[in-house]
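Ready for a little practice with voids and pockets? Open the structure beside you and try each exercise before reading its solution.

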Amino acid sequence: MWEIYWANVLIVVLSLAGILLCVLIVLKKKGMFHRDNIDLHILAAEGPGVGVTTDMIPELVKKEEYRFYIEFPQIAEGLPDVWGVGDGLSVVFYDSEGNKGEFKEIFHKKGEYRIKISGDNGEHGTRNIRIVDYREEIIGIGKNFLREISERVLPISDVMTLREVLDVIKPKIVSERHWVLESAFSVLEKAVYSDEDVGRNDYERFYIFVKELRQNSSI
């Protein structure tokens, strides 16, 4: 009976040791990511009226069959990597093996930042994010859009109000797009004339409206 008892104890101990070893391996693997710097640094200051940048693709680094990706899940597909001052930005990072992590960052100053994630094996991935004041960004996009239209010989001047500019542009656009034009000018007027808060929703709507007008305008 004693030999059977000790044999069972030995089996149980070896089983527990095996389970513990597996858990430690998994935990170590899941903790392979770390941020290079706690404080992200500004690479270049951005001022009011800066035009919209093109969409940035996450840098992909391949080495020893590891791939690292960085995503901003709060930024909808088709929108540039732009986020607001003082707003919390979720950053998700993962590799081809399914290891995944997430943290939230708040940027208190306008500028372009580089987020870099590094692994214990030397792998890393980077992605840039441009931090803006949404009111300034909308006005900057609007100015660029109106400048493009003005270069097409439409009678637009700096002394005209936005409502007067709208009246000039409207007859040049097909009637099916009038609601897009009016919606865009409604957001632009809010940014230029109003004291109301201008937020992420205003920026996204304006960006999409202007993109639609650029793609489908007959001007």
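Two exercises follow, worked on a predicted model.

**Exercise 1. Characterise the second largest cavity: its volume, its lining and the helices behind that lining.**

Solution.

Step 1. Start with the count: cavities of 30 Å³ or more number two in this structure.

Step 2. Take the second largest cavity, which encloses about 40 Å³ of space.

Step 3. List its lining residues: G142, F145, A184, F185, L188, F206, V210 and L213.

Step 4. Map the lining onto elements. Two or more residues each come from α2 (134-150), α4 (178-193) and α5 (200-216).

Step 5. Sort the lining by character. Seven residues are nonpolar, one is polar and none is charged. Since Gly counts as polar here, the polar member is G142.

**Exercise 2. Now turn to the largest pocket: find its volume, its central residues, its main contributing helix and the character of its lining.**

Solution.

Step 1. Begin with volume: the largest pocket comes to about 390 Å³.

Step 2. Look at the walls. The lining of the largest pocket has 15 residues, and those nearest the pocket centre are K143, L146, S157, D158 and L162.

Step 3. Assign elements. At least two lining residues come from each of α2, α3 (162-169) and α4. The largest share belongs to α2, with six residues.

Step 4. Finish with character: the lining of the largest pocket splits into nine nonpolar, three polar and three charged residues. By contrast, the lining of the second largest cavity has no charged residues.

Notes: Residues are numbered from 1 along each chain as its sequence is written. This is a predicted model: local features need pLDDT of at least 70, side-chain atom pairs count only at pLDDT 80 or more; totals for chains, interfaces and linings use all residues. Side-chain values use heavy atoms; hydrogens and water are left out. On a 1 Å grid over the protein atoms alone, a cavity is a set of points where a 1.4 Å probe fits but cannot get out, and a pocket is an open set with protein on both sides within 12 Å along at least five of seven lines; lining residues have an atom within 4 Å of a point. Grid points are joined across faces, edges and corners, and a volume is the space filled by probe spheres set on the points. Helices (H or I, at least four residues) and strands (E, at least two) are DSSP runs, numbered from the N terminus.
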